[in-house]
Amino acid sequence: MSTLETSKDAVKAKRTRTSALDRILQVLDFLQSNDAPATAYEIARAVGAPLSTVYTLVEDLVEKDMLDRFEDGTLWFGHRLYHYGLTYARHVDLLTVANHEMSDLALASGETVQICGRDGDFMVVLGMVDGPDHFQVASQVGSRTPLNWSASGRLLVGHLPEDERRAIFSHASCPSPTGRAETDIEILTASSRQALDAGLSIQAGESAYSIACIAAPILDNAGTCRATISIVVPDQKVNQTDPDLKDLVRQSAINIARRLGWSR
């Protein structure tokens with residue numbers, strides 16, 4: 001056999017393997033989007049594949065525990081896929097994903113970016129990337145501030161029931177060094193939910209003079225605010241539109257949630 005023929009055979013074999021893999025992914029993608037078990041016939045019709053091809057793939061996937069077949073003949077994800085998912089989840093946590101996104105956002109915005117979480121009555125800075133312009137930010141990784149002082153603090157409790165939000169702000173709120181942080185319990189209770197629904201929270205000069213924060217919630221599948229991503233800027237930049245800082249931070253929060261599988 002000539003070298004050319006051998007090369008053609010190799011390309012053909014590669015295409016065959018790729019095609020089979022594509023079909024497998026079509027089967028799995030359909031089950032995910034359908035969000036319910038389905039028969040091989042339903043899968044074949046939905047993905048536009050020959051029924052004989054789907055039957056062959058399904059049998060192989062069931063044999064390898066990647067799919068389960070129920071008594072009524074319908075198919076669903078097998079436990080092998082579940083174990084793969086657990087392994088993936090162990091190695092891709094929020095901060096790992098967020099670190100990549102923080103760097104991208106810092107470059108896109110030219111500003112300092114933070115990831116923040118909640119620790120009881122306080123907001124804590126979990127991660128931080130300095131912007132190219134080296135704007136000095138007082139809060140560093142590990143620093144804690146009362147929930148009512150910051151845009152992120154309000155978002156972090158925004159998903160909670162109203163009575164719980166009110167109770168938290170009743171004992172967590174206190175005046176800020178600038179005297180501009182909101183301390184009215186009813187306003188905080190309402191605004192925290194409004195900010196979460198809007199997917200954006202902004203504070204300017206509340207925790208430190210001349211410093212503003214634009215924050216977006218990172219929401220899991222249940223709508224819980226697991227953390228926030230924020231841009232820290234001089235307060236005169238809050239309404240900057242070139243680039244649009246509000247849009248950038250919103251999109252970064254969405255990107256993190258998607259990479260963690262929290263697509264709502």
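How many salt bridges does a search of the whole structure find? The search finds 11. Keep in mind that this is a predicted model. I will take three of those pairs, then a patch on the surface.

Some background first. Side chains can pair when they carry opposite charge and their charged atoms come close.

Start with R144 and D119. These two form a salt bridge. Their closest N and O atoms are 2.4 Å apart. Where do the two partners lie? R144 is in strand β5, which covers residues 144-146. D119 is in strand β3, residues 112-119. The two are 25 residues apart in sequence, so this pair ties together separate parts of the chain. Are the partners buried or exposed? Neither word quite fits. R144 is partly exposed, because its relative accessible area is 42%. D119 also counts as partly exposed, at 39% relative accessibility.

Next, R166 and D163. Here the closest N and O atoms of the salt bridge are 3.3 Å apart. Which helix holds them? Both sit in helix α7, residues 162-172. They are 3 residues apart, about one turn of the helix. What about exposure? D163 has 59% relative accessibility, so it counts as exposed. The cut-off for that word is over 50%. R166 has 22%, so it is partly exposed. This pair also belongs to a network. Salt bridges with shared partners join E162, D163, R166 and E186.

Third pair: D60 and K64. Their side chains meet in a salt bridge, at 2.6 Å from N to O. D60 counts as partly exposed, with 35% relative accessibility. K64 is partly exposed as well, with a relative accessible area of 38%.

Now stay with D60 for a moment and look at helix α3. That helix runs over residues 51-63. Y55 lies in it. Y55 is partly exposed, because its relative accessible area is 40%.

Which residues join Y55 in a nonpolar patch on the surface? The partners are Y41 and L51. Together, the three residues have about 300 Å² of accessible area.

Let me recap. The R144 and D119 pair links strand β5 with strand β3. The R166 and D163 pair stays within helix α7, and both residues are part of a network with E162 and E186. D60 and K64 make a salt bridge of their own. Finally, Y41, L51 and Y55 give the surface a nonpolar patch.

Terms used. Residues are numbered from 1 along each chain as its sequence is written. This is a predicted model: local features need pLDDT of at least 70, side-chain atom pairs count only at pLDDT 80 or more; totals for chains, interfaces and linings use all residues. Side-chain values use heavy atoms; hydrogens and water are left out. Patches are made of residues with over 30% relative accessible area and no salt bridge: like charges are joined within 9 Å, nonpolar side chains (Val, Leu, Ile, Met, Phe, Trp, Tyr) within 5 Å. Accessible areas come from the Shrake-Rupley method with a 1.4 Å probe; for residues, only the protein chains shown count as cover. A salt bridge is a side-chain nitrogen of Lys or Arg within 4 Å of a carboxyl oxygen of Asp or Glu. Helices (H or I, at least four residues) and strands (E, at least two) are DSSP runs, numbered from the N terminus. Buried means under 20% relative accessible area, exposed over 50%, partly exposed in between (1.4 Å probe, protein chains only).
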